[in-house]
Amino acid sequence: GGHFAGAVFRGNEVLEHKTFHRYTVRAKRGTSQGLRDNQSRSNMPKSAGASLRRYNETALLKDVQDLLESWSQHLKMARNIFLRAASHNKAIFFGRKNAPLQKRDPRVCSIPYVTRR
């Protein structure tokens, strides 16, 4: 969690590209703060680090949504859209009102690529 990379290509030419990185994963645990919070709502950590990770998860979501909105014309014209996201992160692309992509869109191809650091 905490990483996003996107690019728009026309053939071999890069038209647009952007990466984001936010501190959202608990050190030595490897899980995002949001997943940790969802495991036990009544016992959510209240530390400064946990608050920072929650804030960064929200900021990353907004950054990605804003970027995809600015790339909406590219997405509409694309012949193929390649996507790699953990199942809990796919909501950024599909799971909201006015989402930039639809789950059943035949242009969306899942990339079977391990993206761990």
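The legends below describe close-up views of a predicted model of one protein chain.

**Figure 1. Overview of the chain and its secondary structure elements.** The model is predicted, and its chain has 117 residues, of which 29% count as buried. Four helices and four strands make up the secondary structure. Read from the N terminus, these elements follow the order β-β-α-α-α-β-α-β. Among contacts with a separation of 6 or more, 53% join residues that lie 24 or more positions apart. The chain has an accessible surface of about 8,800 Å², and carbon and sulfur atoms contribute 51% of that area.

**Figure 2. Surroundings of Glu-16 in strand β2.** Strand β2 covers residues 13–21 and includes Glu-16. The relative accessibility of Glu-16 is 33%, so this residue counts as partly exposed. Leaving aside residues up to four places away in sequence, Glu-16 is in contact with Gly-6, Ala-7, Val-8, Trp-71 and His-74. One of these partners, Trp-71, is 55 residues from Glu-16 along the chain, and the C-alpha atoms of the two residues are 8.6 Å apart.

**Figure 3. Salt bridge between Asp-63 and Arg-22.** Three salt bridges are present in the structure, and one of them joins the side chains of Asp-63 and Arg-22, with an N to O distance of 2.8 Å. Asp-63 belongs to helix α2 (residues 48–70), whereas Arg-22 sits in the loop between β2 and α1 (33–39); the pair therefore ties together parts that are 41 residues apart in sequence. Arg-22 is partly exposed, because its relative accessibility is 23%. Side chains of opposite charge can pair when their charged atoms come close.

**Figure 4. Salt bridge between Asp-66 and Lys-62 within helix α2.** In this pair, the closest N and O atoms of Asp-66 and Lys-62 are 2.9 Å apart. Both residues are in helix α2 and lie four residues apart, so about one helical turn separates them. Asp-66 has a relative accessible area of 37% and is therefore partly exposed. Lys-62 is also partly exposed, with a relative accessible area of 46%.

**Figure 5. Salt bridge between Asp-105 and Arg-107.** The side chains of Asp-105 and Arg-107 form a salt bridge with an N to O distance of 2.8 Å. Asp-105 has a relative accessibility of 16%. Buried means under 20% relative accessible area, so Asp-105 counts as buried.

**Figure 6. Positive surface patch that includes Arg-104.** Four residues form this positive patch on the surface: Arg-84, Lys-90, Lys-103 and Arg-104. Arg-104 is located in the loop that runs between α4 (91–94) and β4 (108–110). With a relative accessibility of 79%, Arg-104 counts as exposed.

**Figure 7. Nonpolar surface patch of Tyr-23, Leu-52 and Tyr-55.** Tyr-23, Leu-52 and Tyr-55 together make a nonpolar patch of about 320 Å² on the surface. Within this patch, Leu-52 is a residue of helix α2. Its relative accessible area is 41%, so Leu-52 is partly exposed.

Notes
Residues are numbered from 1 along each chain as its sequence is written. This is a predicted model: local features need pLDDT of at least 70, side-chain atom pairs count only at pLDDT 80 or more; totals for chains, interfaces and linings use all residues. Side-chain values use heavy atoms; hydrogens and water are left out. Helices (H or I, at least four residues) and strands (E, at least two) are DSSP runs, numbered from the N terminus. Buried means under 20% relative accessible area, exposed over 50%, partly exposed in between (1.4 Å probe, protein chains only). Contact means heavy atoms within 4.5 Å. Accessible areas come from the Shrake-Rupley method with a 1.4 Å probe; for residues, only the protein chains shown count as cover. Patches are made of residues with over 30% relative accessible area and no salt bridge: like charges are joined within 9 Å, nonpolar side chains (Val, Leu, Ile, Met, Phe, Trp, Tyr) within 5 Å. Lys and Arg count as positive and Asp and Glu as negative; His and the chain ends are not counted. The place of a charge is taken as NZ of Lys, CZ of Arg, CG of Asp or CD of Glu.
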